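Please open the model in your viewer and keep the sequence panel beside it. The tour below moves from one selection to the next and says what is to be found at each stop.

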Amino acid sequence: MPAPELPPPQSSLPEAASHFGAHILDAAAARARDIKAATGGAPRVPSLPAPPAMSAPTLPIPGAPAVKTSAASAGLERILRGPDGLGTGSLRMILREETPTPAAAPAEGIPIPGLYYHPIPEPDPVRVEEVSRRIKSWALDEVALYPDDWEEEFDGFSVGRYMVGCHPDAPTVDHLMLATRLMVAENAVDDCYCEDHGGSPIGLGERLLLAHTALDPLHTAEEYQPGWAKSLHADAPRRAYRSAMEYFVRAAGPSQADRLRHDMARLHLGYLAEAAWAQSEHVPEVWEYLAMRQFNNFRPCPTITDTVGGYELPADLHAQAAMQKVIALAGNATTIVNDLYSYTKELDAPGRHLNLPVVISEREGLTDRDAYLKSVDIHNELMRDFETAAADLAVACPVLSVQRFLRGVAAWVDGNHHWHQSNTYRYSLPDFW
Ligand SMILES: CC(C)=CCC/C(C)=C(\C)COP(=O)(O)OP(=O)(O)O
Ligand SMILES: [Mg+2]
């Protein structure tokens, strides 16, 4: 695929996407007021020197002169200038292709009573149809992802609606396809290597490591390089990882690609811990389960929100501890949403599929219902902690790319809930109410 055509850089979000993740900025404004009331002064300065207050925030344009302020350190100026090396020309904000904003229609399915979440408008049906068409073509014609008898399940996943709902600020369908191919590939690895399409804990480490080299290429002796290259076509998960990553690397900057590789390594580590417990039929303590779920986690999906949005969060701003905490909390909240909506599906699956309610019931001696309701409370705590941490960071670091990234992560969290609630093909609620 040629790299997406990039219209000229824009300095502010187009109206069509202006609603996404807005509650994060609302929360940030409230936090700023609270902080000012509590301290009588400006919001706390983070460990980085406070970046310059910008009245008309604009993305640092690669190669543009550094932002000259007394407050910004040289390091921060370098970060705010944004990447200006070779190949950074594509790292600019893209004007979103205008499509009509759909009226907010009630989602299918029933939201979990007592769950703290933000409803979203029904994803743009025009984009959903186009993404669904393109992803099926990719799955069948480019990577031979699945046999004919898996087609109903593939369609039932509704990945087009999922990704359009999670990336409302994606400027083009080409950008949405970056996330959609990765989502399909990540689920193919989970289904085929770990779960119900031939998965097993036995030999999982080898399979995951070899699949990971489709994301993080092997550089070895000339004699052995062809054997490795051929292996990337050996099965559907590796074909899917290789192709999805190839498209992603063409559109992303080097630090965005390396961020994804790191997040995928985290994901694979989480799969291995889950598999080790399945192999030994061990039920971990609750905190141990929550630790595993922070790695076996949707994290690699929200963290590409800048690439899918056509801009870049600078590596140093992504790597700062406050951002890492926001990402971890958001990923944890999204993944416990999966535990809650997939609970009945997993109870019906062979063997014991660990999720938060099952582990709490086993480890704390609660009834299934009480363990489930406690899991809802834990999700809600994680969601509020995520929103508080994101609001704090938005106040401490008023840089457009940071604020847009935080809104993108929040939009992903909201879109993920919408998909789980409304995917009645895949999920149903327990009768606890
Ligand atoms: C798409 C992606 C990065 C997934 C990461 C981990 C993962 C597979 C989930 C969070 C979904 O968990 P689970 O295996 O429980 O999936 P289902 O409940 O079967 O949908
Ligand atoms: Mg699940």
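Begin by selecting residues 286–293, which form helix 11, together with residues 356–364, which form helix 16: the axes of these two helices come within 9 Å and cross at roughly 160°. Since an angle over 145 degrees counts as roughly antiparallel, helix 11 and helix 16 are therefore roughly antiparallel to each other. Looking at the pair, you will find that helix 11 passes helix 16 in a right-handed crossing. Show the side chains next, and you will see Val286, Tyr289 and Leu290 on helix 11 meeting Leu356, Val359, Ile360, Arg363 and Glu364 on helix 16.

Before the next stop, zoom out to the whole chain, bearing in mind that this is a predicted model. The protein chain has 18 helices and 0 strands, and 53% of its 433 residues count as buried. If contacts between residues at least 6 apart in sequence are considered, 78% of them join residues at least 24 apart. The chain exposes about 18,700 Å², of which carbon and sulfur atoms supply 57%.

Now select the magnesium ion, ligand 2, and display the protein atoms around it. Which protein donors does the magnesium ion have? They are Asn338 through OD1, Ser342 through OG and Glu346 through OE, lying 2.0 to 2.4 Å from the ion. Along the chain, these donors of ligand 2 follow the spacing N-x3-S-x3-E. Colouring by accessibility is useful here, because Asn338, with a relative accessible area of 9%, is buried, and Glu346, with a relative accessible area of 6%, is buried as well.

Stay with helix 14, residues 321–341, and pick out Met323, which lies in it. Is Met323 buried or exposed? At 0% relative accessibility, Met323 counts as buried. Leaving aside residues up to four places away in sequence, Met323 touches Leu313, Leu317, His318, Leu393, Val402, Phe405 and Leu406. Of these neighbours, Phe405 is worth a distance label: Met323 and Phe405 are 82 residues apart in sequence, yet their C-alpha atoms are 9.8 Å apart in space.

The next selection is helix 5, residues 159–166, where 8 of the 8 residues are buried, so that this helix is largely enclosed by the rest of the structure. The buried residues of helix 5 are Val159, Gly160, Arg161, Tyr162, Met163, Val164, Gly165 and Cys166. To see what covers them, add helix 3 (125–142), helix 4 (151–157), helix 6 (173–194) and helix 18 (400–422), which are included in that cover.

Finish with two places where the backbone deserves a careful look. Most residues other than glycine have a negative phi. Select Ser158, in the loop between helix 4 and helix 5; although Ser158 is not a glycine, it has a positive phi of about 55°. Ser158 is partly exposed, with a relative accessible area of 23%. Then move to the loop between helix 3 and helix 4, where Ala144 has its place. The phi of Ala144 is near 45°, again a positive value in a residue other than glycine, and Ala144 is partly exposed, with a relative accessible area of 43%.

Conventions. Residues numbered from 1 in each chain as written. Chains lettered and ligands numbered in written order. Predicted model: local features only at pLDDT ≥ 70, side-chain atom pairs only at ≥ 80, totals over all residues. Heavy atoms only, no water. Helix = DSSP H or I, 4+ residues; strand = E, 2+ residues; numbered from the N terminus. Buried < 20%, exposed > 50% of the residue type's maximum accessible area, 1.4 Å probe, protein only. Contact = heavy atoms within 4.5 Å. Areas by Shrake-Rupley, 256 points an atom, 1.4 Å probe, with all protein chains shown as cover. Donors = N, O, S within 2.8 Å, 3.2 Å for Na, K, Ca; no water. Axes fitted to C-alpha atoms, helices over the stretch in contact; angles between N-to-C directions. Parallel < 35°, antiparallel > 145°, perpendicular 65-115°, else oblique. Left-handed = near helix turned anticlockwise from the far one by under 90°.
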